[in-house]
Amino acid sequence: MPKIKRSRKPPPEGWELIEPTIDELDAKMREAETDPHEGKRKVEAMWPIFRLHHQKSRYIYDLFYRRKAISRELYEYCLKENIADKNLIAKWKKQGYENLCCLRCIQTRDTNFGTNCICRVPKPKLESGKIVECIHCGCRGCSG
Amino acid sequence: MATSKGANTYNRQNWEESEFPLLCQTCLGDNPYVRMMKEKHGKECKTCNRPFTVFRWCPGARMRFKKTEVCQTCSQMKNICQTCLLDLEYGLPVQVRDAALRVQDSLPKSDVNKEFYMQNVEREIENSDGTNPVGAIANKVPSDMLLKLARTSPYYKRNRPHICSFWVKGECKRGEECPYRHDKPTDPDDPLANQNIKDRFYGTNDPVADKLLRRYQDMPKLEPPEDETVTTLYVGGLSEAIEVDDLKNHFYQFGEIRSVNVVQKQQCAFVQFTSRTSAEAAAEKSFNKLILKGQRLSIKWGRSQGQQQSTKKDDEEEMSEHQRGQCRGKFFISIHRERGKGPRVSVHDSSDLCT
């Protein structure tokens, strides 16, 4: 069934153009939520959720800021409806955080020594040949 | 019992708190900028079952995180590292060190006895300076055996991650990024595979200790000769630089030297003592250890005074003496005593030698 709309007003123009993609992403998200946990690590089961969340927000962000294909009204409607994550997008606007994977990876309170996640280390600085999949979102390196 | 933090702290064994762990160099790792996590009362000590401050750190790249396993009191009692339970000075298991120092440390192992003992030890530790070992190991001279067996440089192979059990079954899906070791597991038949932390701590039934002690038995040793009159040491491997005075100056500390005879041609010397005991002491202290002017000297027992006189002659002359005495029949066996070595049996055709 279609996603519940929070506002009582109808969505602004241009909504019909982005709706199919959003629906597709929502369906994938539901699939990721209901996947069985067999054969996966406890943290690994969460990775597709974060990935899809990033993907959805990225779509809206790209449409508005990069391709300028939707109006500001529609963009803000999406943010209000929580189709895109406004906090994550706020980070993408900062220098160095353009490809940030998720908000958990920059939360220093979550780590033992108050650092960022390993995926935030730029590849040239990381000792070469080391493959990292961060435990929060399975990111393989989101800066550099 | 030490199972709750409780109200009664008088005359009870309390939960332990410490500021810094007691660790050996290998456990700490090669990184001078190690970051350590501290958790007050994080786990129970593996030997005394008391909650203690757990420290956890990464000993280097591609190493597993290590943490302190036993409490500081237990480790100070035995002078061992809190994580690997090996001696802090020599890096040897408790059983080996105790065997070498001939220390019989009888710790009570059962509940209240243990707690009472620990409480007393704790008090002793508090009153002492934190840098020296307390208890049975205090004021012990390092033994020769310990120095021979001790590890000199850190052994970081101990800090490697554990074997990936999924990979052993062929099911590891993590591949390259798997932090566990993709190596074949240790052989379960190997006696070193069943080690027990309590055994290692108390110094009983430790397979690693057994292996080390056996290794020590197999090391080359110098046996004193049965002939009681022999007080001469054969010193081999001399170079041109070493002189009679050098040998005298080294060996006089063991006892009065009767004579020193250097044979430059053979690159050896004979040092004779006046007493057998001083000769034995000299042998023990110098065997495989003596290095004079950069040369390692090999020490063996010489022969008694009388026989020694004859070896000062040349080899040829000696042979001819034997020949004259024993040339009969077609073959004869000459038992020819060479310098410093045991008897050598050789079979000769009589035609070679009889003149």
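Here a biologist and a modeller talk through a predicted model with chains A and B.

Biologist: Let's start with A:Val43. Why is A:Val43 called partly exposed?

Modeller: Its relative accessible area comes out at 30%. Buried would need under 20% and exposed over 50%, so with 30% A:Val43 falls in between and counts as partly exposed.

Biologist: And where does A:Val43 lie?

Modeller: In the loop between helix H1 (15-34) and helix H2 (47-66) of chain A. The C-alpha atom of A:Val43 is 9.6 Å from that of A:Cys134, and the two residues are 91 apart along the chain.

Biologist: What makes up the rest of chain A, in terms of helices and strands?

Modeller: Chain A has four helices and zero strands, so from the N terminus the elements read α-α-α-α. Its C-alpha trace spans about 50 × 40 × 25 Å along the principal axes. Of its 144 residues, 36% count as buried.

Biologist: How do you know which contacts in chain A join residues far along the sequence, and what share do they have?

Modeller: Take the contacts with a separation of 6 or more; residues 24 or more positions apart account for 52% of them. A contact here just means heavy atoms within 4.5 Å. In chain B, the share joining residues at least 24 apart is 59%, again among contacts between residues at least 6 apart.

Biologist: What does chain B look like by elements and burial?

Modeller: Chain B has 13 helices and eleven strands, and 40% of its 355 residues count as buried.

Biologist: What makes the 22 residues you mention a nonpolar core?

Modeller: Such a core takes buried residues of nonpolar types, joined through side-chain atoms within 4.5 Å. The largest one has 22 residues, and B:Leu233, B:Val235, B:Leu247, B:Phe251 and B:Phe273 touch the most other members. Two or more residues each come from strand E4 (232-236), helix H9 (244-251), strand E5 (257-263), strand E6 (268-273), helix H10 (276-286) and strand E9 (298-301) of chain B. That fits a general habit: in soluble globular proteins, nonpolar side chains tend to be buried together.

Biologist: Which residues does B:Leu233 touch?

Modeller: Leaving out residues up to four places away in sequence, B:Leu233 touches a list that includes B:Phe251, B:Val271, B:Phe273, B:Ile299 and B:Trp301. Apart from this core lies another, of 21 residues, among them A:Ile18, A:Tyr59, A:Tyr61 and A:Ile70.

Biologist: Now the empty space. Why is one space called a cavity, and how many of 30 Å³ or more are there?

Modeller: A cavity is a space where a 1.4 Å probe fits but cannot get out, whereas a pocket is open. The search of the whole structure finds one cavity of 30 Å³ or more, and the largest cavity holds about 50 Å³, so it passes that 30 Å³ limit.

Biologist: What lines the largest cavity?

Modeller: Residues of chain B, including B:Thr47, B:Cys74, B:Met77, B:Tyr117 and B:Phe201. Helix H2 (72-78), helix H4 (111-127) and H7 of chain B give two or more residues each, and H4(B) gives the most, with three. By class, the lining divides into nine nonpolar, one polar and one charged.

Biologist: And which residues lie nearest the centre of the largest pocket?

Modeller: A:Ile118, A:Lys130, B:Met63, B:Phe65 and B:Pro179, out of 42 lining residues. Its volume is about 2,000 Å³, and the lining has 20 nonpolar, nine polar and 13 charged residues.

Biologist: What about the second largest pocket?

Modeller: That one holds about 1,600 Å³. Its lining has 41 residues, with B:Tyr155, B:Arg158, B:Leu192, B:Gln195 and B:Val208 nearest the centre. H8(B) gives the most to this lining, with four residues, and by class the lining has 17 nonpolar, six polar and 18 charged residues.

Biologist: How do you know where the zinc finger region is?

Modeller: That comes from UniProt, where an unreviewed entry places "zinc finger region: C3H1-type" at residues 158-185 of chain B. In the model, that stretch is 18% helix and 0% strand, with its end C-alpha atoms 14 Å apart. The label rests on the record, and such annotations may be inferred rather than shown by experiment.

Technical notes:
Residues numbered from 1 in each chain as written. Chains lettered and ligands numbered in written order. Predicted model: local features only at pLDDT ≥ 70, side-chain atom pairs only at ≥ 80, totals over all residues. Heavy atoms only, no water. Buried < 20%, exposed > 50% of the residue type's maximum accessible area, 1.4 Å probe, protein only. 1 Å grid on protein atoms, 1.4 Å probe; cavity = no way out; pocket = protein on both sides within 12 Å on 5 of 7 lines; lining within 4 Å. Points joined across faces, edges and corners; volume = space filled by probe spheres on them. Nonpolar A, V, L, I, M, F, W, Y, C, P; charged D, E, K, R; others polar.
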